[in-house]
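Trainee: I am new to this one. Could you show it to me and help me with the terms?

Mentor: Gladly; here it is.

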Amino acid sequence: MQNTNDPRVIVALDYPSADAALALVERLDPARCRVKVGKELFTRAGPELVRRLVDGGFDVFLDLKYHDIPNTVAGACAAAADLGVWMVNVHALGGRAMMEAAREALEAGGRRPLLIAVTVLTSHSEADLAEIGLAGSPMENVQRLAALAQGSGLDGVVCSPREVATLRAAHGEGFRLVTPGIRPSGAALGDQKRVMTPGDAIRSGSDYLVIGRPVTGADDPMGVLLAVEAEIGAVLAG
Ligand SMILES: O=c1ccn([C@@H]2O[C@H](COP(=O)(O)O)[C@@H](O)[C@H]2O)c(=O)[nH]1
């Protein structure tokens with residue numbers, strides 16, 4: 001079984017209402033997984049739900065991917081910290097000044113959440129990047145943006161599990177690598193393009209695995225979660 005002091009799975013609560021999210025959350029153990037609130041649920045249910053999850057003992061990753069002028073992002077990060085979240089994120093494409101402003105805003109507060117940056121979305125391929133004017137492979141872009149994020153004082157990045165081994169070698173153990181694009185063997189990819197299985201992601205050195213639809217869209221979400229936990233546990237046990 002995985003180390004319950006530092007659960008590696010972050011369940012993406014991509015639901016259209018607080019009630020739908022809470023129906024799953026009530027079956028989750030905060031000692032065994034973390035939860036992520038993203039744009040859909042936050043826009044529907046707002047800070048009230050985030051507070052409720054925090055009060056329920058969950059480490060909450062507020063995944064709103066802030067990308068705006070530095071002053072605006074700094075204010076948004078301070079507001080996220082006030083909610084008591086465990087982790088908050090920005091887009092690395094917002095640049096150094098924005099990321100530094102976000103970090104400084106969090107350092108000025110009492111309880112400092114982890115601050116990480118999205119590099120290249122896991123739904124993007126090299127062709128998608130070319131279309132928006134970013135030359136090079138996803139790996140090259142992820143490497144460049146991860147270096148910028150670390151240089152701006154951030155705690156880690158969001159990347160696909162496929163880039164984890166390279167980033168781990170470049171940035172060391174303390175730099176958090178958070179990976180969506182997790183698909184248990186045989187699961188539908190949906191819109192994800194750069195994916196790995198839970199076991200392979202852990203083997204590659206991923207710190208935290210973000211898993212949404214394979215769990216939330218399953219007939220038996222808890223069964224899928226237990227299988228993911230067992231797959232991770234087997235890798236961690238060596
Ligand atoms: O590059 C990124 C950044 C964030 N996400 C988020 O992770 C989950 C993944 O959900 P699945 O259903 O397991 O695909 C989702 O909330 C995304 O907003 C990402 O997928 N890729």
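Mentor: Let us start with G181: leaving aside neighbours within four places in sequence, G181 is in contact with T122, S160, P161, Q192, R194, V195 and M196. Contact here means that two C-beta atoms, placed from the backbone, lie within 7 Å. This is a predicted model, in which local features need pLDDT of at least 70, side-chain atom pairs count only at pLDDT 80 or more, and totals for chains, interfaces and linings use all residues. Residues are numbered from 1 along each chain as its sequence is written.

Trainee: Why is G181 called buried?

Mentor: A residue is buried if 20 or more other C-beta atoms lie within 10 Å of its own, exposed if 12 or fewer, and partly exposed in between. G181 has 24 within 10 Å, so G181 counts as buried.

Trainee: How far is G181 from G212 in sequence and in space?

Mentor: They are 31 residues apart in sequence, and 9.2 Å apart in space, C-alpha to C-alpha.

Trainee: Which residues are closest to the ligand?

Mentor: The closest are A12, T122, P180, G212 and R213, among 15 that surround the ligand; a residue is near if its C-beta atom, placed from the backbone, lies within 6 Å of the molecule.

Trainee: What makes up that shell by residue type?

Mentor: The shell divides into eight nonpolar, five polar and two charged residues. Ala, Val, Leu, Ile, Met, Phe, Trp, Tyr, Cys and Pro count as nonpolar, Asp, Glu, Lys and Arg as charged, and the others, Gly among them, as polar. By that rule G212, one of the closest residues, is polar, and R213 is charged.
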